[in-house]
Every structure is written in C-alpha cells, then in structure tokens.
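This report is meant to be read with the sequence and the coordinates at hand. Please keep both open while going through the sections below.

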Amino acid sequence: MCGIVGYVGFRPAAEILLEGLRRLEYRGYDSAGIAVIDAGEISIRKKAGRVQELARLLEKHPVNGSLGIGHTRWATHGQPSDINSHPHVGGNGEVVVVHNGVIENYSILKSHLQTLGYVFRSSTDTEVAAHLIAHEFSELIKMGEDPESSNTAIQAVEAAIKQFKGTYGLGVLFRDIPDFLIAARLGSPLVIGMGQGEYFLASDAGPLAGHTQEVVYLSDHELVVLTSQGMQLHHRDTGKHAPDVQVLAQAESGSGLNGFEHYMLKEIFEQPETIENAMRGRLDEDEATAKFGGLNLTPQQLRRIDRIVLTGCGTSWHAGLVGEYLIEEFARIPTEVEYASELRYRNPPLSTSTMVFAITQSGETADTLAAMRECKRKGHPTLAICNVVGSTIAREADGGIFLHAGPEVGVASTKAFTSQVTVLTLLALYLGRLRNMSYPAGQRIISHLQAMPDAIRKTLECHDQIKDIAQRYCDYDNFLYLGRLYNFPVALEGALKLKEISYIHAEGYPAAEMKHGPIALVDERTPSVFIAPRGHIYPKVMSNLEEIKARKGPVIALACEGDAKLDQLADDVVYVPFVEEYLQPLVCSIPLQLLSYEIALLRGCNVDRPRNLAKSVTVE
Ligand code: F6R
C-alpha cells in the first residue's frame with residue numbers, strides 16, 4: 001500500500017514522478033503528491049483523491065527541477081485529506097519525506113518531538129519521520145557537521161531510522177543538498193532504476209519501464225544514496241557494498257486497456273491466455289507429469305515431504321483452498337491452508353518435512369511475507385507461487401513457480417486467481433506422479449488441462465446473459481454464494497468479488513452448511529448463487545437448492561451445459577462447459593467475476609479502484 005517514486009537527473013522531474021504515480025496508483029488512491037527541489041527551494045504539490053487531481057493541480061501550478069519524490073497514498077494514520085497527503089516536511093522545511101509502511105512507535109516519537117518544539121500539521125506517522133530526520137540533522141550541525149554535506153544527511157537518516165519500530169520504504173530530500181536523494185527500506189519494497197546521468201526510485205518496477213531496464217532491488221536495512229552520477233548502497237550491518245544489478249525483461253505488454261472499459265474486464269477476458277501461460281512448458285506428456293524450473297528441491301527431497309502448508313491472504317487464500325483439495329486428492333499429502341496473518345503469529349507445530357507455499361499475486365503482501373519468513377526461520381523449505389517477478393516474496397523464497405499472468409492492474413484479483421489454481425493443479429499432478437499416481441491418470445489430467453483455455457473461452461460467452469442477470473439483481477443488498485467441494489472456495493471467491501467492488505454484503509458457504517445458520521437470512525430479497533455443475537455430490541447440492549427455494553429465496557445457478565433440471569428449479573441459470581470436477585473452479589469463477597463486475601457498474605462503483613482498498617497490502 002502506498003506507492004513511492006523518486007527521480008534525480010537532468011530532466012524535468014515532475015512529469016516523470018507523475019507518470020510513475022499513475023503506474024503505482026493501484027497501491028493506493030486516497031491522495032497523491034510530489035516534492036521537487038530547484039535552486040534550494042522545495043515545491044510541494046499534493047491533493048486528496050486520485051493522481052488525476054494532482055495532475056490538474058500541477059497544470060495550474062507547475063513546478064521546476066530535476067530532483068524530486070512522489071507518493072500515492074493508502075491511508076493508515078489520518079484520514080485522506082490534503083494535509084495528510086505526502087510528501088511531508090520536517091523541521092523548518094529543510095527535509096521532505098515520502099513513506100510507505102507504518103511507524104508503530106510514532107506516538108512516543110511524536111510526543112518527544114513536540115516537547116522539543118516541533119509542530120505537527122498532519123495526523124500521519126510519516127510527519128514524525130520527517131521531523132525526526134530534521135531533528136537528527138540539526139543535532140549533527142550543532143556538533144559541527146557541514147549542513148551541505150551529504151554525509152551529514154546520511155547520518156541523520158541513519159540515526160532516525162534506528163529509532164523507528166515498524167516498516168518503512170522512505171524517500172528523503174534535503175533542501176540544501178542539490179542532486180541528492182536518499183531512500184531506505186525495512187519491510188516496504190523499493191527498487192532503483194539506473195539510467196545514464198539519472199536514477200529512479202519506485203515501489204515496484206512498473207514506473208521504471210520505458211526509462212531503464214537495469215534495476216537494483218533494495219533489501220531490508222539497506223539505505224541508498226542516489227545522485228545523477230551514481231548510487232551508493234549501505235547495509236546497516238555490513239556497510240557499503242556493490243549493487244546487485246538485475247536486468248528487467250522488456251516491459252510486459254498489455255498494461256494498457258486494449259479497448260476494454262476497465263482493467264478488471266480486460267483481465268477477466270485475458271484468462272484463456274493467462275491459463276495457457278501458466279501451463280506453458282510445464283506439461284510433460286512423455287512422463288505424464290508436470291515440470292517446473294524453479295522449485296529448487298530434488299524429487300528425492302520432495303518425496304520426503306509429509307505435509308504441506310499453503311498460506312496467503314484474500315483471493316490467494318481461496319486459491320490455496322482449491323490447492324488443498326487438489327494436493328490431497330492427487331498426491332495424498334496432508335495439506336492445510338493458513339491465513340498468512342494468523343500463521344505469522346500462531347506457531348503451529350510443523351515438522352522439518354513440512355513444505356510451505358506462499359501464494360501471492362503481488363509478492364509484497366506484508367502478512368504473507370512475514371509468514372514466509374517465519375517458516376523459513378524454522379527451517380521449512382518455503383516456496384512461492386507468485387505473479388510479480390522481482391517482488392520481495394519471489395526473491396526471498398527458497399524456490400517457486402511464477403504465474404506468468406502479466407500485470408494485474410484491477411484491484412479485484414481475477415486472472416491471478418485462475419492462474420494460481422492452474423499452477424496448483426500442475427503442482428498436485430507433479431507431486432502425485434512422484435508418489436502413487438498412475439501414468440494413465442497423469443495423462444488424463446494433462447489432456448483435461450490442455451482443454452482448459454478453450455473451455456474458458458466458451459465460458460466467457462456468458463457475458464451478455466450475465467449483464468441481464470446483473471440488471472435484475474443489482475438492487476439487492478445481501479447475497480449468499482453456495483458451493484460444495486471444489487466449488488466451496490469458488491463460493492468464497494465469488495462473494496469476495498461482489499463485496500469488494502459493489503459494496504454489497506455477500507457470504508460464501510459450503511452449500512450444506514447453509515442450514516446450520518445462514519438459512520435464517522433467506523427471504524425474497526436474499527438471492528443465493530449456487531455453484532452447481534455436475535459432480536459426484538450433485539444430488540446433494542440440488543437438495544440444498546430446494547431448501548432455499550422452499551423459503552422463497554431467489555436462486556441464480558451455475559450449471560453444466562445440458563442440465564435441464566436446474567432450468568426448472570433456479571430463477572436464472574448460467575451454463576458453463578462440462579469439465580472435470582477438479583477443474584470446475586477455473587470455469588465457475590468466471591461468471592462470478594463477470595457478475596460482480598456488471599453489478600458494480602450498474603451501482604456506479606469504481607470497479608478498478610474500489611473504496612478503501614489497494615492492490616498490494618504492504619501493511620499489517
Ligand atoms: C481480492 C484481492 C485480495 C488479494 C490479497 C492478497 O480481489 O485482490 O484479497 O488477493 O490482498 O494479495 P496477494 O495475492 O498480492 O498477496
């Protein structure tokens with residue numbers, strides 16, 4: 001959450017910062033701001049609302065200079081407002097700061113600084129960082145250090161960050177030190193882009209595309225000094241060291257809207273290709289198994305694994321639930337799915353033969369990262385199923401599998417979910433074939449998987465029908481989503497999609513659990529979405545559906561093509577192609593993504609930027 005950009009070089013900084021903030025807006029869109037330094041003067045422009053508001057402000061009140069920092073905010077401390085927007089100045093305006101993360105001990109530090117006479121204008125934790133750096137800077141000057149020396153500035157930042165408890169990605173400028181930008185990281189991602197006579201700073205590689213392909217990812221406890229002529233890295237424990245320069249792949253295509261009205265819709269329609277990309281080069285027809293390049297564990301080591309823990313948050317956690325069913329069915333390895341936010345503090349008994357998978361689209365989710373680190377600390381092989389190459393989780397994991405889904409820009413995750421499920425299916429196949437799964441069973445799974453991109457293309461044809469259904473149901477305030485076995489996680493995911501982008505209350509349940517409580521909610525104004533394609537407990541799901549109908553609950557059903565029975569029972573039926581039960585989450589999640597999208601549109605919601613949310617949740 002929150003996006004940071006920075007620039008030092010020879011070009012007008014404001015344009016570069018603004019474009020960078022547009023690319024980081026998915027990380028937060030409560031406010032945006034930049035600070036640019038020119039001839040010893042800091043100009044700040046900041047505004048509550050989207051980056052577009054900042055762009056309008058800059059049109060009216062442009063700023064000059066080739067050194068600057070910028071920020072797009074997801075509010076943690078202090079409501080979204082102009083005053084609480086970053087950048088924040090410290091002292092008497094000699095320091096300016098942008099920050100991503102949470103300074104947990106900010107109130108103690110704030111009281112201390114107030115007793116020293118520092119005046120706070122905002123209610124943010126970041127202003128504490130700005131004043132503390134300014135304070136340390138002035139203390140060093142009192143001790144005779146040179147106020148125009150970069151060494152004094154570095155010492156001031158180091159002294160301040162030593163006092164922070166919590167997380168930070170910081171960008172700091174000093175009014176009187178030209179051509180000089182400091183950034184520091186603990187827990188919040190930062191990447192440096194290296195140009196010719198110019199350097200860039202950003203929370204992820206997105207803003208660097210088009211400027212440079214040479215990047216350096218900052219690690220925790222690292223501080224970097226950028227000037228137009230070079231960079232210097234300092235680690236808290238090991239001191240100065242040479243940067244590990246990595247070359248970004250050519251900017252991934254497809255970051256535009258390609259004619260779609262919203263990113264979410266574009267990403268829903270990309271799924272035939274993204275599912276294909278998740279499988280590309282990973283199906284081994286000769287051996288009737290899957291293969292992966294980056295697990296970094298030998299088949300012998302994998303055979304010794306006797307338990308698997310899948311961890312993640314939100315949609316990624318839902319994908320993990322599908323993964324649990326798949327791995328237990330195909331590989332017969334006991335598997336659990338843990339919320340990363342719980343796992344990081346829970347300390348469950350895990351043996352050394354337990355393997356942990358962190359599932360994450362962004363690779364930056366703070367809880368997932370912390371859970372992964374905790375498991376690594378205890379010596380478990382810890383792998384990642386991740387979309388963003390170069391993200392912190394991808395870099396820190398012992399190995400893993402990339403989704404190759406391309407950038408997911410819409411805040412509501414869609415294509416990442418189906419890619420995660422596809423990768424987990426491949427993983428279950430691979431682990432199964434290392435154990436008891438037969439050759440013909442492996443072959444069957446491969447041929448079913450190969451048919452999936454076409455099945456998804458066919459499923460997407462329901463879009464017009466979904467638009468009609470959305471018209472009929474967009475005014476309802478409560479929904480139930482019900483499914484069993486592989487479709488229970490789909491019910492959870494369908495309910496989450498509706499909640500997050502249309503702000504309608506929705507609950508997902510295993511269909512049979514409904515009679516243990518939620519059925520009390522059912523009435524003419526509470527539609528139930530039944531995920532009911534054919535499977536071995538289809539008759540049981542039908543009984544659950546009848547129970548809802550008997551209480552006058554409207555029913556929208558997802559059914560397999562040719563299921564005439566459901567036509568008579570449900571108020572609306574969306575037909576999806578027949579696929580094997582274990583692949584139903586891939587086809588069934590698609591009409592539910594479209595339903596939430598269409599309902600949100602009809603209710604006038606911002607589908608790509610839903611309120612209160614951000615794409616990458618880098619705070620606890
Ligand atoms: C929902 C959604 C979130 C994310 C969750 C984890 O549509 O996007 O629930 O799934 O914040 O994010 P990642 O997968 O990036 O770790």
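What follows concerns a predicted model, and takes up salt bridges, one residue's surroundings and two helix pairs.

## Salt bridges within single helices

The structure holds 32 salt bridges, and three of the pairs are described here. In helix α1, which spans residues 13-24, E19 and R22 sit three residues apart, about one turn of the helix, and their closest N and O atoms are 3.5 Å apart in the salt bridge that joins them. Both partners are partly exposed, E19 with a relative accessibility of 32% and R22 with a relative accessible area of 36%.

Helix α15 (residues 452-459) offers a second pair, R457 and D454, which are three residues apart and so separated by about one helical turn. The salt bridge between R457 and D454 brings their closest N and O atoms to 2.7 Å. Is D454 buried, partly exposed or exposed? Because the cut-off for exposed is over 50% relative accessible area, D454, at 53% relative accessibility, counts as exposed, whereas R457, at 34%, counts as partly exposed.

The third pair lies in helix α16 (residues 463-473), where K467 and D464 are again three residues apart, about one helical turn. Their salt bridge has its closest N and O atoms 3.7 Å apart. K467 counts as partly exposed at 35% relative accessibility, while D464 counts as exposed at 53%. Elsewhere, R185, D220, R373 and E396 are joined into one network by salt bridges that share partners.

## The surroundings of E396

E396, a member of that network, lies in helix α12, which covers residues 392-396. With a relative accessible area of 26%, E396 is partly exposed. Which residues does E396 contact, leaving aside its neighbours within four places in sequence? They are L369, M372, R373 and K376, and R373 thus appears both among these contacts and in the salt-bridge network. From C-alpha to C-alpha, E396 and G363 are 9.8 Å apart in space, although 33 residues separate them in sequence.

## Packing of α16 against α20

Helix α16, which carries the K467 and D464 pair, also packs against helix α20 (residues 584-602), with an angle of about 50 degrees between the two and their axes 9 Å apart. That angle makes α16 oblique to α20, since angles between 35 and 65 degrees fall outside the parallel and perpendicular ranges. The crossing of α16 and α20 is right-handed.

On the α16 side the contact is made by H463, I466, K467, I469, A470 and Q471, which meet P591, L594, L595, E598, I599 and L602 of α20. Sorted by class, the contact of α16 with α20 has eight nonpolar, two polar and two charged residues. K467 therefore takes part in this contact as well as in the salt bridge with D464.

## Packing of α9 against α17

How do helix α9 (residues 314-331) and helix α17 (residues 487-502) pack, and at what angle? The angle is about 170 degrees, and the axes are 9 Å apart. Because angles over 145 degrees count as roughly antiparallel, α9 and α17 are roughly antiparallel to each other.

In this pair, G314, T315, W317, H318, L321, V322 and Y325 of α9 meet F488, P489, L492, E493, L496 and K497 of α17. By class, the contact of α9 with α17 has eight nonpolar, three polar and two charged residues.

Terms used
Residues are numbered from 1 along each chain as its sequence is written. This is a predicted model: local features need pLDDT of at least 70, side-chain atom pairs count only at pLDDT 80 or more; totals for chains, interfaces and linings use all residues. Side-chain values use heavy atoms; hydrogens and water are left out. A salt bridge is a side-chain nitrogen of Lys or Arg within 4 Å of a carboxyl oxygen of Asp or Glu. Helices (H or I, at least four residues) and strands (E, at least two) are DSSP runs, numbered from the N terminus. Buried means under 20% relative accessible area, exposed over 50%, partly exposed in between (1.4 Å probe, protein chains only). Axes are lines fitted to C-alpha atoms, for helices over the stretch in contact, and angles run from 0 to 180 degrees between N-to-C directions. Angles under 35 degrees count as roughly parallel, over 145 as roughly antiparallel, 65 to 115 as roughly perpendicular and the rest as oblique. A crossing is left-handed if the near helix is turned anticlockwise from the far one by less than a right angle, and right-handed if clockwise. Contact means heavy atoms within 4.5 Å. Ala, Val, Leu, Ile, Met, Phe, Trp, Tyr, Cys and Pro count as nonpolar, Asp, Glu, Lys and Arg as charged, and the others, Gly among them, as polar.
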